[in-house]
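The paragraphs below lead through selected features of one protein model. Please keep the sequence and the coordinates open while reading.

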Amino acid sequence: MDSVFLCRILFFMSACYIPDIAAQIRYSVPEEMKKGSLIGNIAHDLGLGVQRLRSGRARIVSGDSTQYAELKTDKGTLVVKERIDREQLCAETTPCSFTFEIILDNPMELHHVTVEILDVNDHSPTFPKDEINLEISESATLGARFLLGGADDPDVGVNALQNYILSANDNFILKQHSRPDGVKYAEMVLQKTLDREQHPRLSLILTAVDGGNPHRSGNIKIEVTVLDANDNAPVFNQSVYRAAIEENASKGTYITIVNASDADSGSYGLIAYSFANIKGNINDIFKIDEKTGVITLTGILDYERAKKYEIGIEAKDQGGLGNSAKVIVELIDVNDNAPVISVMSFSSPVNEDAPVGTTIAIVSVKDQDAGDNGQVSCTVNQNMPFKLQSSLRNYYTLVTGAALDRERVEEYNITITATDSGSPALFSLKTLNLKVSDVNDNPPRFQKSVYTTYVTENNQPGLSIFTFSAQDDDWNQNARISYLLDETTVGGAPVSSFISVNADSGVVHALRAFDYEQMKSVHVCVKAQDGGSLPLYTNVTLDIIIQDQNDNAPQVLYPVQTGGSVVAEIVPRSADVGYLVTKVVAVDVDSGQNAWLSYKLQKATDRALFEVGLQNGEIRTMRQVTDKDAVKQKLTIIVEDNGQPSRSAVVTINVAVADSFPELLSEFTDSVHNKEYDNNLTFYLVLALAAVSFLFITCVVVIISVKIYRWRQSRFYQSNLPVIPYYPSHYADTGVTGTLPHGYNYEVCMTTDSRKSDCKFSTLGGQSVLVVDPRFTETMQHAMKDKNLLEDPESPEMQKPPNPDWRFPPNQRPGPSGAGVRPDEAGAGPGVIAGTGPWPNPPTEAEQLQALMAAANASEATATLGPRYNLQYGQDYRQNVYIPGSTATLTPNPQQQVPQQALPPPQALPPAEAPKAAQTPASKKKPTKKDKK
């Protein structure tokens, strides 16, 4: 019989979509199934896969204390978990069923399942008594009825009580009746008069049979005692009695009273009341007084279990005659049940970036009361970003009603209040603790966007100069801040070579010492980044302002200092008070007061003659220059800055007090000769060695050159060759490397005291000078075999040498003032060899004076000294000062290498005598001395 009902689906699955409720499904199973018996394949019927049941953590949620079904998620089936007794579960309620919900997560789904319990014929009809004793008068008339009552069968439907069977006899027949509630009962009808004398006692058996397969039955024994005649039966004043009582009525409460009367007298008129056709536990709940017929409450009523009771009442006299009536007791519902809140599903924690409408929980609210007492409304506490949505009757969904922010509220205690509509209303509370999980939605935050710090230059490497501090409102890893240096460049170098930033603490360290003179500030961009999976960051700028220290001494720009001494300045003896001798120009690369310079006269040959401007460094005369003042004045100027401590620089200036060149020359050359006398021996040794080596190399080169030239002359005599530079007869190729490829020697006019001159007179003759014919189409060798040609300068065969300075414009050719006169413009006749005559423009006295002063001070300064710029002269000779007759720089110091000077332009002027040098003071005293040429 079990196989008939197994997995029989009696209802359909709803296809209508309800938010958070996927479907409703109904199963029918017989009662008394074994544990583990199959109810249905829930996965197949819901259209879900087994994997979905596992991943969604499918589970059964039931509000009952006993769970009869179990979900097998591995197979997707529902099976019996506990023994199901339909009679215990539902009593007489038809149909009998129990419900539960299946919850799935991710996404959340709710499925409503109803399981109907089919009745099984597992109960036999039973009678409330084992024996019925009837006392019937023998005078009972035919057709008299004797109530036998009914049997009770907990089964329902076809398995319930169907009919009664009375054992065979001659006096009674059996008739069956049914009450409006479906209860069947039996009574005996007298069809043959009793004869007490023949049969004073009769024994009968009444059998109650149900309709199950196989049939079940129950028996009761009827003992009939034949009495004397009693011809009136009790009669109730109404056939149906009605009463109403509240379900919370206490024990002993009066319900109603029944009343019957009997026309007989004596003992036959005494009536006894009793319950008839008792079903269930009526005797445990109600009690009737046998004499008075008062019905009272003896048990506990529960409207939720039974809404009314129908009780059969029997009135019987002492003669055995009786009658029956019915009492209907209706229960009045009382609001005695508070709503019950069941949490079907709850998701905690929830991300703070969850969108509005995210499902937090599904709750079920039930109230067992009826009517308004069972109407329930749910609310959540106010001022919270949550709200309840009714998705199905008695089901509510808790969703977010606004955006969440963990930084403001980390967790919520959500209180759900369920209130019914009874009077007074009952309510229940359910508190859910919802935690909000952090999302990386807040970047690090600085108090400022730009920070400024100051660092003094020359700091120690590794010095901590600043500390970044950022805040992040997020939590845990999302709030862990790292500081990163943005790779930029400072002065062409990466900023990471100057500073470093500790990634954890934000401390900024200097990696090297800063120099204010090289950079005034450093702009650094630092990124603060949190530790989220998608990190957020904020940039901040740090301006490092470098502060100056007095770490640089003043630098003298003018006069240019070389070896501790500079060129001499000339002051005429006619200079007035306040005459500007020169100006000391100095700078300090520091800044601020560290760069404020002051000039002081530290030492001087005559301190009363010169003064220095404290702020401008101008050297002026303090009094009128006299003839008694020494020609050579030496001034030591100290330049100090205003730093703490101050730094200084010293410059030495030689001042010549003279009006004429000879006077100045005599004074300075004596000083030069005395100072360099001790160095002459070494100089001569080095000079001799150099001369021998030079002569040897020159001879070898000349011989090789002659051989090569003769060979080329004989081979290409008639060919057009490029012009070969011409070397005049008074010019020698010395092989010295300078600014031009050849060195030149001039005649030099010296004073009578120039007994130790540094001028080198070369004796090399122009024996191998190449000349070019006027047409520049043929080159010939001026050899010894053409000696006559050289001896006769007027010969028509003599060729004019080309001007070696044809490469230079006239204003750039060497000379006293850079403007030599061309031979043809000076009226020179043809055949005059350029470079052998005197200067085309004799040097002025001032030019000769400047040149001699430079030569005299060369040994003391250990450097080549040229004329200095003097504000008293209008013309600037600093770029074109030469010794007359020569372009070589005078170098008294043999250890100093003198660069070769450029060639002067060859002149084609008529021969003229060289001008005599101006008279010095010494020559005036000794007029017998002659100037050396």
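**A walk through the predicted model**

Asn394 is partly exposed, because its relative accessible area is 24%; the class partly exposed lies between buried (under 20% relative accessible area) and exposed (over 50%), with a 1.4 Å probe and protein chains only. The model is predicted, so local features need pLDDT of at least 70 and side-chain atom pairs count only at pLDDT 80 or more, while totals for chains, interfaces and linings use all residues. Residues are numbered from 1 along each chain as its sequence is written, and side-chain values use heavy atoms, with hydrogens and water left out.

Asn394 sits in the loop between strand 28 (386-392) and strand 29. Strands (E, at least two residues) and helices (H or I, at least four) are DSSP runs, numbered from the N terminus. The phi angle of Asn394 is near 70°, a positive value in a residue other than glycine. Asn458 also has a positive phi, near 65°. The loop between strand 32 and strand 33 (464-467) holds Asn458, and with 38% relative accessibility this residue counts as partly exposed.

Two loops contain cis peptide bonds. One such bond joins Asn213 and Pro214, with omega about 0°; Pro214 is placed in the loop between strand 13 (201-210) and strand 14 (217-227). Another joins Ser423 and Pro424, again with omega about 0°, and Pro424 belongs to the loop between strand 30 and strand 31.

Next come the charged pairs. Side chains of opposite charge can pair when their charged atoms come close. A salt bridge is taken as a side-chain nitrogen of Lys or Arg within 4 Å of a carboxyl oxygen of Asp or Glu, and by this rule the count comes to 24. One of them is formed by Glu116 and Arg26, whose closest N and O atoms are 3.9 Å apart. This pair links distant parts of the chain, with Glu116 in strand 7 (residues 109-118) and Arg26 in strand 1 (residues 21-30), 90 residues apart. Both Glu116 and Arg26 are buried.

Glu187 and Arg145 form another salt bridge, with 2.5 Å between the closest N and O atoms. Glu187 belongs to strand 12 (residues 184-190) and Arg145 to strand 9 (residues 145-149), so this salt bridge ties together parts that are 42 residues apart in sequence. The relative accessible area of Glu187 is 9%, so Glu187 is buried, whereas Arg145, at 42%, is partly exposed.

A further salt bridge joins the side chains of Arg406 and Asp438 at 3.0 Å, N to O. Here the link runs from loop to loop: Arg406 is between strand 29 (395-400) and strand 30 (411-420), Asp438 is between strand 31 (427-437) and strand 32 (450-456), and the two are 32 residues apart. Arg406 is buried, with a relative accessible area of 8%, and Asp438 is buried at 15%. Through shared partners, salt bridges join Arg406, Glu407, Glu410 and Asp438 into one network.

How many disulfides does the structure hold? There is 1, where a disulfide is a pair of cysteine sulfur atoms within 2.5 Å. Cys90 and Cys96 form this disulfide, with their sulfur atoms 1.8 Å apart. The torsion about their S-S bond is about 70°, so the disulfide is right-handed. Cys90 and Cys96 are both buried. Elsewhere, Cys525 counts as buried at 19% relative accessibility, and Cys699 is partly exposed at 46%.

Further along the chain is an open sheet of 4 strands, in the order 42-49-48-45 and with mixed pairing; two strands pair if DSSP finds at least two bridges between them. Strand 42 (569-571) and strand 45 (598-604) are the edge strands, each pairing on one side only. From one strand to the next the twist averages 35°, with axes as lines fitted to C-alpha atoms (for helices over the stretch in contact) and angles running from 0 to 180 degrees between N-to-C directions. Strand 48 (residues 632-640) pairs with strand 49 (residues 648-657) in the antiparallel sense over 9 bridges. Opposite Ile638 stands Val650 in strand 49.
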